[in-house]
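Let's take a friendly walk through this model together. Have the sequence and the 3D view open as you read.

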Amino acid sequence: MPVLILNGEHGLPQGVLLDGARQAAMDVRADIVPAAAHTFAADNPAWTADRLARFFTTTPAA
């Protein structure tokens, strides 16, 4: 099952979250939300909505 890790470009470091996700999932995807901090969905809702739509409509890696 794919997992998407999102972080705001001014938010928490992504490495720790990626390390934890990779221990639980094989298909880990990540992205940095531009012009956003820890509250990336509130800081950049249009970009976040677009990225989530692309994630949920993409075929998982084989």
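The structure holds 1 aromatic pair, where pairing asks that the ring centres of Phe, Tyr or Trp (its six-membered ring) lie within 6.5 Å. The partners are Phe55 and Phe56, and their arrangement is edge-to-face, with 5.1 Å centre to centre and 70 degrees between the planes. For that label, planes under 30 degrees apart count as stacked, over 60 as edge-to-face and the rest as tilted. Phe55 counts as buried at 11% relative accessibility, whereas Phe56 counts as exposed at 64%. Here buried means under 20% relative accessible area, exposed means over 50%, and partly exposed lies in between (1.4 Å probe, protein chains only).

Before going further, a word on the source: this is a predicted model in which local features need pLDDT of at least 70 and side-chain atom pairs count only at pLDDT 80 or more, while totals for chains, interfaces and linings use all residues. Residues are numbered from 1 along each chain as its sequence is written, and side-chain values use heavy atoms, with hydrogens and water left out.

Now for the overall fold. The protein has 3 helices and 2 strands, taken as DSSP runs numbered from the N terminus (helices: H or I, at least four residues; strands: E, at least two). Read from the N terminus, the order is β-α-β-α-α. The radius of gyration is 12 Å, close to the 11 Å that the globule rule gives for 62 residues, so the protein is as compact as a globular protein of that length. That radius is taken over C-alpha atoms, and the rule is 2.2 Å times the number of residues to the power 0.38. Along its principal axes, the C-alpha trace spans about 30 × 25 × 10 Å.

Of the 62 residues, 29% are buried. Among contacts (heavy atoms within 4.5 Å) between residues at least 6 apart in sequence, 60% join residues at least 24 apart.

Three residues outside the aromatic pair are worth a visit, and the table shows where they sit.

| Residue | Place | Relative accessible area |
|---|---|---|
| Gly11 | loop between strand 1 (2–8) and helix 1 (14–24) | 30%, partly exposed |
| Ala30 | strand 2 | 35%, partly exposed |
| Ala35 | loop between strand 2 (27–33) and helix 2 (40–43) | 54%, exposed |

Which residues does Gly11 touch, not counting residues up to four places away in sequence? Its contacts are with Ala36, Ala37 and His38. The C-alpha atoms of Gly11 and Ala30 are separated by 14 Å, and the two residues are 19 apart along the chain.

With the same sequence neighbours left out, up to four places away, Ala30 touches Leu4, Ile5, Gln14 and Leu18. Between the C-alpha atoms of Ala30 and Gly8, which are 22 residues apart along the chain, the separation is 11 Å.

Ala35 has a backbone feature to look for in your viewer: a positive phi of about 55 degrees, although this residue is not a glycine.
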